[in-house]
Amino acid sequence: MTRKQIVILSVIIAVFAIVYFLQRKRINKWVLTRVWDIQTERNIKSLHPKIRNMAKEFVNRAEKEGMKVRIHSGYRSFAEQEKLRQKYLAGEGGKALAAGHSFHNYGMAADFVEVSPQYGFNKTYPKSRWYKLGEIAEKVGFKWGGRWTGKNRDYPHIEKTFGKDYKQLLALKEEGKTIKDVYPRV
Ligand SMILES: [Zn+2]
């Protein structure tokens, strides 16, 4: 190596060190809180800011237990909810509440499924695995739809509503008490 190359290399290393030092909080946060799956990352970002870390913790704890979980649905706009509702009423889709009635419409609910090593939507998927995942979700602070009974039972669904019902959340939205015009301030 020539003296010139050594100088250039030192400068490059120094620049990296300075950038890391200045951005270390952001870099550490990004590295430490990532989940295994890009689609899950994206759907978690759509959730209410107060529950994003909980959702990450759920996915990462499940992974530690050997179950790769995908969050396949998070926030849904009122318009998207209305479309699902119409499909459901026409007998074409799964059960969907009216727009504004679902906690998904406030970013406070998510739907998950195990995708590896087993796929949760297979007919042969053991119920015990839903329960294992539901319990992990509950441990990090979610309510799990697998506890509901009868037709309401909803294994993939988790929610965190801070004690609010949809009417209270709707009112907060209508009063403009929101974060980024989307999430109610709770
Ligand atoms: Zn749901």
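What follows is a walk through the fold of this chain, from its domains down to single residues. The model is a predicted one, and the chain splits into domain 1, residues 1-32, and domain 2, residues 38-185. The two sit well separated on paper: their C-alpha centres lie 40 Å apart.

The sheet is a good place to start. Four strands make up an open sheet in the order 1-2-4-3, with antiparallel pairing. Strand 1 and strand 3 (143-144) are its edges, each pairing on one side only. Going across the sheet in that order, strand 1 (68-73) pairs with strand 2 in the antiparallel sense over five bridges. Along this seam, R70 stands opposite V113 of strand 2. Next over, strand 2 (109-116) meets strand 4 (residues 157-159), again antiparallel, this time over three bridges. Here A109 faces E159 of strand 4. The last pairing joins strand 3 to strand 4, antiparallel over two bridges, and K143 has E159 as its bridge partner. E159 thus turns up twice, opposite A109 and as the partner of K143.

Helix 2 (residues 38-45) is next. Its buried residues are T40, N43 and I44. Viewed down the helix axis, these buried residues fall within an arc of 100 degrees, so they line one face of helix 2. The other side of the helix carries I38 and R42, which are exposed. What does the buried face pack against? The buried residues of helix 2 pack against helix 3 (52-64), strand 1 and strand 2.

Those same partners show up in the hydrophobic interior. The largest nonpolar core holds 27 residues, and the ones with the most contacts inside it are A55, F58, V59, A110, A137 and I158. Helix 3, strand 1, strand 2 and helix 5 (127-139) each put in at least two residues. V59 gives a feel for how the pieces meet: setting aside residues up to four places away in sequence, V59 touches V35, T40, V69 and I71. T40, in that list of contacts, is also one of the buried residues of helix 2.

The loop between helix 2 and helix 3 holds I51. Is this loop residue buried or exposed? I51 has 26 C-beta neighbours inside 10 Å, and a count of 20 or more is what it takes to be buried, so I51 counts as buried. Leaving out neighbours within four places in sequence, I51 is in contact with M108 and K160. The C-alpha atoms of I51 and A109 are separated by 9.1 Å, although these residues are 58 apart along the chain. K132, which is found in helix 5, makes a contrasting case. K132 has 15 other C-beta atoms within 10 Å and is partly exposed. From C-alpha to C-alpha, K132 and G94 are 24 Å apart, with their positions 38 residues apart in sequence.

Helix 4 (residues 78-89) has regular dimensions to report. Its twelve residues reach 16 Å from the first C-alpha to the last, close to the 16 Å expected at 1.5 Å a residue. Just after helix 4 comes G91, with a positive phi of about 80 degrees.

A few backbone details are worth a look in the viewer. S116 and P117 are joined by a cis peptide bond, with omega about 0 degrees. P117 sits in the loop between strand 2 and helix 5. Two residues other than glycine also take a positive phi: F162, near 50 degrees, and D181, at about 65 degrees. F162 is placed in the loop between strand 4 and helix 6 (166-174), and with 12 other C-beta atoms within 10 Å, F162 is exposed. D181 belongs to the loop between strand 5 (178-179) and strand 6 (183-184). With 7 C-beta neighbours inside 10 Å, D181 counts as exposed.

Notes:
Residues numbered from 1 in each chain as written. Predicted model: local features only at pLDDT ≥ 70, side-chain atom pairs only at ≥ 80, totals over all residues. Domains from an automatic or database assignment. Expected span 1.5 Å × (residues − 1). Arc of directions from axis to C-beta. Contact = placed C-beta atoms within 7 Å. Core = buried A, V, L, I, M, F, W, Y, C linked by C-beta atoms within 7 Å. Pairing = 2+ DSSP bridges.
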